[in-house]
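Hi,

Here is the structure I said I would pass on to you. Have a look at it first, and then read my notes below.

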Amino acid sequence: MSATQILLLIGAYFLVLMLISYFTGKNDSNSDFFKAGKQSPWYLVAFGMVGASLSGVTFISVPGWVEASEFSYMQVVLGFLVGYFVVAYVLLPLYYKHNLTSIYEYLLDRFGSVSHKTGAFFFFISRVLGAAFRLYLVAIVLQQFVFDDLGIRFELTVVISIALIWIYTNRGGIKTIVWTDTLQTLFMILAVVLSIILINQELGWSFGEFLASEELKEYNSFLVLDSFLERNHFVKSFIGGIFITICMTGLDQDMMQKNLTCKSLKDAQKNMVSFSLVLVGVTFLFMLLGALLFIYAGQNGISIPLMDGSPKSDLLFPEIALNGGLSISLAITFMLGLIAAAYSSADSALTSLTTSFCVDFLNVEKRDEEEQKKVRKRTHIAMSVMLVLVIISFKYILSRNVIDNLLTVAGYTYGPLLGLFAFGIFTKHRLKDKYVLVVTILSVIIIVIVANIPSTYLGGYILGYELLPLNGLLTFFGLWLIREKTPSIAP
């Protein structure tokens, strides 16, 4: 598939998104931008959240991870499933009870303004890095397989990507995204299913024959139970998965903003449970696709593509889809899936960053309606520029698999949010609010130090995703030390 053909496909795709944006953004109001008028059908939100959760990271990085870790990522995904039920039946009732626009307003009601700003600050850092990780992965694929041939620099690729997202989210915000996410999720699931079918056909297998093949058995090891010292031991991965979901979904304005557009708490809970079950099944399909890609590469002498002189397993899927000698159907399928996966998470991230900054830092809801709109639009542009700068910087500092980087950073940035919300929900104490930021920053510093202790000093124990709950526990303990000795209150 030529660079010109890919550009035409991308152009057609964005025309569809802009058409959706035209109809959903007619009001151009802050109410629609932030909450979609609280009229979103729960099943539409649930389906769209699948694509937003998986993103371009899952679409490319999870299949590329199979050779190194086989199917052990499913241990984390099973933890995700438990975490989604916690979000549905512990956190969502809290958010609907307080009728929140930004979920960090809960910390204002519960503890005070410093706690509120601290929670919003850690979300802001988390979401900027998370969105940048996801868009970076797509940008390097587009760069390697499209824009390099056209002589366009990586930096311009990033600017174009963010500019396109800004155009179709500028007016409708979350109301537009609820609908575009649905379309993008459909494209992404079709892409992985069709990719599996088309590559199996090329190998002369039916799907059943692929599942029963000896080649698949080389990659499909699921449970890691040999040594608890290992980073990806089942218990550590499972528990880490639970807390990753609670934090990266339940304590994340990006993911919760979609849920808060549902008509009622009951609808939001139906959305969360349905979405979680579908997500597990779709992620398993990505693991199967990853194994299939490495089997095909091995049989056809296809090497893992190089980036800056080093093998980059994240690029194997695009290499096979676009340059592997397969049909044009696979190339089109891959590009549609990639674009959908990338922008289904990036567009909502840009909107949630705008929402959180406007509500949590600029107190936009206290201004008159016309001024609110002006502030929102300026903030939307500023968030776009910031994402561009962060993504470009990643090109020069990232070395590992992108999804591994993403989950590792989550352990640092979401831990304070976990501690703050847990303290608010499970205790009745108020805090000496002015010390909250100090406690959370100290917690992150300690966790960073712990994470960098050589495993030889820990008896061979390798720290992994358990850093996230450990960070939350440390924050909780620090908050306990600054609690006020006042009469208890209802959380």
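Let's start with a small puzzle: not counting residues up to four places away in sequence, which residues does leucine 326 touch? They are Ile199, Glu202, Tyr296 and Ile320. Before I go on, please keep in mind that this is a predicted model.

Leucine 326 sits in the loop between α14 (316-323) and α15. Is leucine 326 buried or exposed? Its relative accessibility is 18%, and the cut-off for buried is under 20%, so leucine 326 counts as buried. Leucine 326 also shows how the chain folds back on itself: leucine 198 is 128 residues away in sequence, yet the two C-alpha atoms are 8.4 Å apart in space.

**The whole protein**

Now zoom out. The protein has 491 residues, and 59% of them count as buried. You will find 20 helices and two strands in it. Take the contacts in the protein with a separation of 6 or more: 85% of them are between residues 24 or more positions apart.

As background, nonpolar side chains tend to be buried together in soluble globular proteins. In this model, the largest nonpolar core has 143 residues. Which of them touch the most other members? Those are Phe59, Tyr95, Ile199, Met272, Phe334 and Met335. Helix α6 (residues 113-147) gives this core its largest share, 19 residues. There is also a second, separate core of five residues, with Ile447, Tyr461, Leu463 and Leu467 among them.

**Two helices that cross**

Two packed helices are described by the angle between their axes and the distance between the axes. A pair to try this on is helix α19 (residues 436-451) and helix α20 (residues 467-481). Their axes come within 9 Å and cross at roughly 145°, and the crossing is right-handed.

Which residues meet there? From α19 come Val436, Val439, Thr440, Ser443, Val444, Ile446, Ile447, Val450 and Ala451. On the α20 side they meet Leu467, Leu470, Asn471, Leu474, Thr475, Gly478 and Leu479. Sorted by class, this contact has eleven nonpolar residues, five polar ones and no charged ones. Ile447 and Leu467, which you met in the second core, both turn up in this contact.

**Two glycines in α20**

Glycine 478 lies in helix α20. Glycine 478 is buried, because its relative accessible area of 12% is under the 20% cut-off. Threonine 440 is 38 residues from glycine 478 along the chain, and their C-alpha atoms are separated by 7.9 Å.

Glycine 472 is in helix α20 too. At 5% relative accessibility, glycine 472 counts as buried. What does glycine 472 touch, leaving out residues up to four places away in sequence? The answer is Gly415, Leu418 and Gly419. With Gly415, the C-alpha atoms are 4.4 Å apart, although the two glycines are 57 residues apart along the chain.

**A buried lysine**

Next, look at lysine 236, which is found in helix α11 (residues 234-250). Why does lysine 236 count as buried? Its relative accessible area is 4%, and anything under 20% is called buried, so lysine 236 falls in that group. Not counting residues up to four places away in sequence, lysine 236 touches Phe228, Leu229, Glu230, Arg231, Tyr461, Ile462 and Glu466. Tyr461 should ring a bell, as it is one of the residues in the second core.

**Cysteines**

A disulfide is a covalent bond between the sulfur atoms of two cysteines. How many disulfides does the structure hold? Zero. Two cysteines to click on are cysteine 247, buried with a relative accessible area of 0%, and cysteine 358, also buried at 0%.

**Two asparagines in loops**

Last, a bit of backbone. Asparagine 99 is in the loop between α4 (73-98) and α5 (105-110). Phi of asparagine 99 is near 50°, which is a positive value in a residue other than glycine. Asparagine 363 has a positive phi of about 50° as well, and it is not a glycine either. You can find asparagine 363 in the loop between α15 (328-361) and α16 (369-394). With a relative accessible area of 32%, asparagine 363 is partly exposed.

Have fun clicking around!

How values were computed. Residues numbered from 1 in each chain as written. Predicted model: local features only at pLDDT ≥ 70, side-chain atom pairs only at ≥ 80, totals over all residues. Heavy atoms only, no water. Axes fitted to C-alpha atoms, helices over the stretch in contact; angles between N-to-C directions. Helix = DSSP H or I, 4+ residues; strand = E, 2+ residues; numbered from the N terminus. Left-handed = near helix turned anticlockwise from the far one by under 90°. Contact = heavy atoms within 4.5 Å. Nonpolar A, V, L, I, M, F, W, Y, C, P; charged D, E, K, R; others polar. Buried < 20%, exposed > 50% of the residue type's maximum accessible area, 1.4 Å probe, protein only. Core = buried A, V, L, I, M, F, W, Y, C linked by side-chain atoms within 4.5 Å. Disulfide = S-S within 2.5 Å.
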